[in-house]
Amino acid sequence: MSQQITVTEHLLLHQKQVPMATGRFTRLFNELILSAKIITREVSKAGLVDVLGFTGETNVQGEEVKKLDDFANRVLIHRLSRCGALCAMASEENADIIEIPDGLPTGDYFVIFDPLDGSSNIDANVSIGTIFSIYRRKSPSDSQLMSSDILQKGSEQVAAGYILYGSSTMMVFTTGDGVNGFTLDPSVGEFLLSHPDIRIPEQGKIYSVNEGYYHYWDKPTLDVLAHFKAAGVSRRKPYSLRYIGSLVSDFHRNMVYGGIFMYPADNRDPSKPGGKLRLMCEAAPMAFIVEQAGGMAIDGQRRILDIVPDHLHQRVPLFVGSRKDVEQVLEIYSQASQAPQE
């Protein structure tokens, strides 16, 4: 009977286990669900209508904005503004905090999202996704919003998840009590529980990294790569390389089969010495999800969920996946930091 449970029913059944959960929290999820359905509709017909190509604008990250990116961003902002649960929101595409328009009801939650991760793959019909992260404000509701309400470490997330637009549309999320996956059934227009209590294998057989940046990595990172390419003690044969270049897609595959996704720091761009992925809208939500599924996520040295953001669009290296694989990365970096400098 698990296939008959919708996201809303699941939330209501488990609402008592969500700290300070309210009806507004469920309403927030309902707006995320509606947004996912609208974006799914556009993604599925992207090649038939004028939603591919670039808008001619660049986002706060300095990247050209795809039309479908912009569409997804506008859908999420419009729908979430009206849920009555938010004090503010933020998007990878917007430089600053997005305030709730005057006249609309507000609440105590803050959500940050990447509206369409992996959008460079849109034209190639590769799976893409939406990533979201939800926090609860710390200051009183009737006071001015403070930076400490926004810049919270990942361990303080109330919920996090992603929506994968692929051969089917899936919503995978956690509220801090395990991870569950829901698949959109087009015939009824509902996300139905299809993957209850997802657990990532303790050790995987896949590593995901862009080896094109090999010459930009430091020695410890090259040692990490060598570990997964070698027939080590823990496995009789090397790991398989699988890299899509869409974080949601690579992460989801590794959640199912086991493995590690890596986006280490590199020296390609002096303006991005700390890695490329964003802490708050990419690394932290994925870290929260993977830990709830029995995995790990680090920046090479620190647990991702322990990092307190300095600013909204802070970037970090990311190593996320099966626990034993991430522990191996941690050990290699730890040994390198303790080695005497030549």
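**Helix packing, cores and a buried glycine**

Reader: In this predicted model, which residues in H7 do Leu247, Val248, Phe251 and Met255 in H6 meet?

Author: The contact has, by class, 7 nonpolar residues, no polar ones and 1 charged residue. On the H6 side stand Leu247, Val248, Phe251 and Met255, and the residues they meet in H7 are Glu282, Met286, Ile289 and Val290.

Reader: Are H6 and H7 roughly parallel or roughly antiparallel to each other?

Author: Helix H6 (residues 247–257) and helix H7 (residues 279–292) pack with their axes 12 Å apart, at an angle of about 15°, and their crossing is right-handed. Angles under 35 degrees count as roughly parallel. The two helices, H6 and H7, are therefore roughly parallel.

Reader: Which element gives the largest share of the largest nonpolar core?

Author: The largest nonpolar core has 42 residues, and those with the most contacts inside it include Tyr162, Phe251 and Met255. Tyr162 touches, among others, Val248, Phe251 and Met255 as well as Met286 and Ile289. The largest share of this core, 10 residues, comes from H7.

Reader: Is Gly275, in the loop between strand S12 and strand S13, buried or exposed?

Author: Gly275 touches Ala265, Arg315, Val316 and Pro317, leaving aside residues up to four places away in sequence, and its C-alpha lies 7.2 Å from that of Tyr263, which is 12 residues apart from it in sequence. Buried means under 20% relative accessible area. With a relative accessible area of 4%, Gly275 is therefore buried.

Technical notes. Residues numbered from 1 in each chain as written. Predicted model: local features only at pLDDT ≥ 70, side-chain atom pairs only at ≥ 80, totals over all residues. Heavy atoms only, no water. Axes fitted to C-alpha atoms, helices over the stretch in contact; angles between N-to-C directions. Helix = DSSP H or I, 4+ residues; strand = E, 2+ residues; numbered from the N terminus. Parallel < 35°, antiparallel > 145°, perpendicular 65-115°, else oblique. Left-handed = near helix turned anticlockwise from the far one by under 90°. Contact = heavy atoms within 4.5 Å. Nonpolar A, V, L, I, M, F, W, Y, C, P; charged D, E, K, R; others polar. Core = buried A, V, L, I, M, F, W, Y, C linked by side-chain atoms within 4.5 Å. Buried < 20%, exposed > 50% of the residue type's maximum accessible area, 1.4 Å probe, protein only.
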